[in-house]
Amino acid sequence: MSKTTTKELIKYAYNDANISESHQTQVAIDGDPLIAQDYAELLQTLALLDGFKQCPSQQTVDRILKFADQYKH
Amino acid sequence: MTNHALASDSELVSRFKGGCQSSIKILVDRHKQRIFSSIYFLVKDRELAEDLFQDVFIKIITCINDNRYNDQGKFLPWALRISHNLVIDYFRKNKLMPLQHDTETYSVFDYLANEQRNAEQQLIHTERINKVKQLIQMLPAEQREVVMLRHYGELSFKEIADHLNININTALGRMHYAVLKMRELMHAEENLEKVKVGKIK
C-alpha cells in the first residue's frame, strides 16, 4: 500500500526530493490513479501561483547599474 | 569573447569583481523576477518593493566588492536571504507586523504589471489574478512566507528551514497546509460553479 503523502508530492513537484525519494514518488504516481490525481491537482494549484510573478521597473534596475558603475576599475 | 548569458552566477560574480560591469546587469536580469516577487509578496507596496529591491542589490554589489561574498556558488539563495532580512528589518524599524493582510482599499494585486492585453485577455488575466488573490489571502502569515520563499524565491525546503530557523518538516508542513487550503478553496469555487450551472438549467 502506498504511503506517499502530499508532502512528498510537494518535494517531488519542486524537484526537492533526493534520487531515492523521487523514484519512490514517481512509482507511486505511476501506480496509483488516486495519487496521480492528487499530483495533478497539486500542479494545478502551484501553477496558479505563477500568475503573481512580478518584475521591478527599469528605472530601479538602471539605478542599481548606476550604483555598480562606481566600482569600475 | 565571453558569453555572459551562458555564464554561471559564480562566474558572473567573479567577472564583476574583476571589473566587468555588464556581468552585474546579467545577474540582475536573471534574478530580478524572483527576488522582486518575493519582496512584493510580503510588503504589498510597489514603491516600497522597488526601494527594497534596490537596497538588496546595493548590498549585494557592496558585499561582492568588499570580498564578503561567500555563498559557495549559490547566489540566489544568498540574495533571497538578504532580501528577506531587509524586509524583516523594514518591518521592525517601522514597528509594523510583517505579512499583513490586504485592506479593503489596498491590494497588492491592484498593482500587477499592466502588460499589453486585448479585452478578452485582460478579462481572463483579471479572473486569474482574483483567484490567486483569494487563495493567497486565505493563508496564514507563516504559510505565505514559505510559499513565497519556495515558489517565488525558489529556495529549497532545506534552505527555507535554515533561513527561518525551523525544522525542514515544519517548512514542508506549512507548504502542505498552504496547498491544502488553496485546493480547498479551488474545490469550493468549482462546486459553486456547478450549482450556478444547475440553477440555469
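Of the 53 residues that make up the largest nonpolar core of this predicted model, B:Ile39, B:Phe53 and B:Met175 touch the most other members. The element that gives the most to this core is H2(B), with eleven residues. One of the three residues just named, B:Met175, can be followed further: leaving aside residues up to four places away in sequence, B:Met175 touches B:Val146, B:Val147 and B:Arg150 in its own chain, and also A:Ile10 in the other chain.

The chain that holds these three residues is built from eight helices and zero strands, so that its elements, read from the N terminus on, run α-α-α-α-α-α-α-α. Of the 201 residues of chain B, 30% count as buried. Among the contacts in chain B with a separation of 6 or more, 60% are accounted for by residues 24 or more positions apart.

The contact between the two chains takes 30 residues from chain A and 38 residues from chain B. On the side of chain B that touches chain A, at least two residues each are supplied by helix H2 (22–43), helix H3 (46–65), helix H5 (119–137), helix H6 (141–152) and helix H8 (168–200) of chain B. H2(B) gives the most to this side, with nine residues, and H2(B) is also the element that gives the most to the nonpolar core described above. By residue type, the side of chain B that touches chain A divides into 22 nonpolar, nine polar and seven charged residues.

Two residues of chain B, both of them in loops, deserve a separate look for their backbone angles. B:Asn67 has a positive phi of about 60° although it is not a glycine, and phi of B:Asn165, likewise a residue other than glycine, is near 60°. The table sets out where each one lies and how many C-beta atoms surround it.

| Residue | Phi | Loop in chain B | Other C-beta atoms within 10 Å |
|---|---|---|---|
| B:Asn67 | about 60° | between H3 and helix H4 (75–93) | 8 atoms |
| B:Asn165 | near 60° | between helix H7 (157–164) and H8 | 7 atoms |

Are these two asparagines, B:Asn67 and B:Asn165, buried or exposed? A residue counts as exposed if 12 or fewer other C-beta atoms lie within 10 Å of its own. B:Asn67 is therefore exposed, because there are 8 such atoms within 10 Å, and B:Asn165 is exposed as well, because there are 7.

Technical notes
Residues are numbered from 1 along each chain as its sequence is written. Chains are lettered from A and ligands numbered from 1 in the order in which they are written. This is a predicted model: local features need pLDDT of at least 70, side-chain atom pairs count only at pLDDT 80 or more; totals for chains, interfaces and linings use all residues. Two residues are in contact if their C-beta atoms, placed from the backbone, lie within 7 Å. Helices (H or I, at least four residues) and strands (E, at least two) are DSSP runs, numbered from the N terminus. Ala, Val, Leu, Ile, Met, Phe, Trp, Tyr, Cys and Pro count as nonpolar, Asp, Glu, Lys and Arg as charged, and the others, Gly among them, as polar. A residue is buried if 20 or more other C-beta atoms lie within 10 Å of its own, exposed if 12 or fewer, and partly exposed in between; C-beta atoms are placed from the backbone. A nonpolar core is a set of buried Ala, Val, Leu, Ile, Met, Phe, Trp, Tyr and Cys residues joined through C-beta atoms within 7 Å.
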